[in-house]
Number of protein chains: 2
Amino acid sequence: MRQRLYLEDLHIGQKFVTATTLVTEEAIKEFAARYDPQPFHLDDDAAKATLFGGLAASGWHTAAMTMQLNVSSGPPLAAGIVGGGGEIQWPTPTRPGDVLRVEGEIMDIIPSRSKPDRGMIVMRMETKNQNGEVRQIIVMKLVVPRRAVAPA
Amino acid sequence: MRQRLYLEDLHIGQKFVTATTLVTEEAIKEFAARYDPQPFHLDDDAAKATLFGGLAASGWHTAAMTMQLNVSSGPPLAAGIVGGGGEIQWPTPTRPGDVLRVEGEIMDIIPSRSKPDRGMIVMRMETKNQNGEVRQIIVMKLVVPRRAVAPA
C-alpha cells in the first residue's frame, strides 16, 4: 500500500506525476457509444467533416481516464481523491494513440475553519500526451484529512 | 431527426429539459471499477465509513450520464454538443435509484469576432434527481454554428 498523505504532509508547489495509459480507438468509441454518441467520437470518416477533423475522444472520457490515473498513481491522499468541483478545459482533443499521463501541482492549501479534522487543497492537473500536448486542464478543490490529534 | 438549432434560433433565457435515466447500483460500480476505483464508489459497506456515508456515483460518472442525456434529448445544436471547458460542481452525490434529468438554460450568447460562421453560448446545466436534488451543476461554453449566408 502506498503512503497515505494528510494535510500536514502537503505544501504549495508540491508536484505529482502519474503512470501512463494508452488511448485506443476502440476505447474512444466504446465510451462514446455509451455516454457521448456524436459522430466525431464514433467514426473517423464522419469526424473528418467536423470541427475535430478526425476521431477524437469525448472530453468526459479524457476526464474519466484522468481520474483513473489519479486514483491509481496520483497523490495518495488519506481520504482518497474527493472533489466538490472545479474548472475543466480541453485545449486540444484526445486522439487514438495518445499515451496520457497526469501532472499535478498543489496551488493552495486551505485548512477548514469549521472542521478541525480536515482542509482543502487546490490542485491543478494537466493531462498530457507523449508529445507534451495538453489535452485537459483541471483546477479542483480536494478534501484532505488532518492527522488525528490526541485530545488535550 | 430532431430540429437542428443554429445561433440565430437561440436566445438568452431559453430552456431545455432532457429525458431521464435511472442510476443503478450496478452501473455505479461498473463505471467506478474502470475509471474511479475508490471504496465509496465500489462497495456500500465500505462507503458507510467515509464522507459519503453510503454508495455514491463518481462525479465523472454523473458528468458522463449528463452528457448522454444532453446528446440524446438536450438542445439539438446544429454542430452537436461541443464544449471547450467550463465549471463543474457536485453539490450532492448521485445515489443508486436516482432518476436523473438535465435542465439547461442559455445564460449568454457570444458571436465570434474572428469567425463569422459561428458563435459560443454559455449554458448552465443542472442535473437533478426525481426529488429535485441537484447532483451536478455545469456552466459551459458551447460552439454553435450560424446558418450559412449566401455570398453577397
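Setting aside neighbours within four places in sequence, V143(A) contacts A79(A), V82(A), R118(A), M120(A) and L51(B). That list includes a residue of chain B, L51(B). The model is predicted. In it, 26 residues of chain A are in contact with 26 residues of chain B.

**V143(A) in its setting**
- V143(A) sits in strand 5 of chain A.
- V143(A) counts as buried because 20 other C-beta atoms lie within 10 Å, and the cut-off for burial is 20 or more.
- S58(A) is 85 residues away from V143(A) in sequence. In space, the two are 27 Å apart, C-alpha to C-alpha.

**Chain A as a whole**
- Chain A has four helices and five strands.
- Read from the N terminus, the order of these elements is β-α-α-α-α-β-β-β-β.
- The C-alpha trace of chain A spans about 70 × 25 × 25 Å along its principal axes.
- Chain A holds 152 residues, and 36% of them are buried.
- Among contacts in chain A with a separation of 6 or more, 71% join residues 24 or more positions apart.

**The interface**
- The contact between the chains involves 26 residues of chain A and 26 residues of chain B.
- On the chain A side, helix 4 (59-73) and strand 2 (83-89) each supply at least two residues.
- By class, that side of chain A has 14 nonpolar, ten polar and two charged residues.

**Strand pairing around strand 2 of chain A**
- Across the interface, strand 2 of chain A pairs with strand 3 (residues 83-89) of chain B. The pairing is antiparallel and runs over five bridges.
- E87(A) stands opposite E87(B) in this pairing with strand 3 of chain B.
- G85(A) has Q89(B), in strand 3 of chain B, as its bridge partner.
- Within chain A, strand 2 also pairs with strand 5 (residues 134-145). This pairing is antiparallel too, over six bridges.
- In strand 5 of chain A, V139(A) is the bridge partner of E87(A). E87(A) therefore has a partner in strand 5 of chain A as well as one in strand 3 of chain B, as bridges are assigned by DSSP.

**Symmetry**
- A turn of 180° with a shift of 0.0 Å along the axis lays chain A on chain B, with an RMSD of 0.0 Å.
- This is the relation of a two-fold axis.
- The same surface serves both copies: 100% of the contact residues of chain A recur in chain B.
- Which residue of chain A comes closest to the rotation axis? E87(A) does, with its C-alpha at 2.2 Å.

**Helix 4 of chain B**
- Helix 4 (residues 59-73) of chain B has 15 residues. From first C-alpha to last, helix 4 of chain B reaches 21 Å, close to the 21 Å expected at 1.5 Å a residue.
- Is helix 4 of chain B mostly covered or mostly exposed? Helix 4 of chain B is mostly covered, with twelve of its 15 residues buried.
- Among these buried residues are G59(B), W60(B), H61(B) and T62(B). L69(B) and N70(B) are also on the list.

**Confidence**
- Chain A has an average pLDDT of 94, and 96% of the residues score at least 70.
- For the model, ipTM is 0.94 and pTM is 0.95.

Key: Residues numbered from 1 in each chain as written. Chains lettered and ligands numbered in written order. Predicted model: local features only at pLDDT ≥ 70, side-chain atom pairs only at ≥ 80, totals over all residues. Contact = placed C-beta atoms within 7 Å. Nonpolar A, V, L, I, M, F, W, Y, C, P; charged D, E, K, R; others polar. Pairing = 2+ DSSP bridges. Least-squares fit on C-alpha atoms with pLDDT ≥ 70 in both. pLDDT = per-residue confidence, 0-100. Expected span 1.5 Å × (residues − 1).
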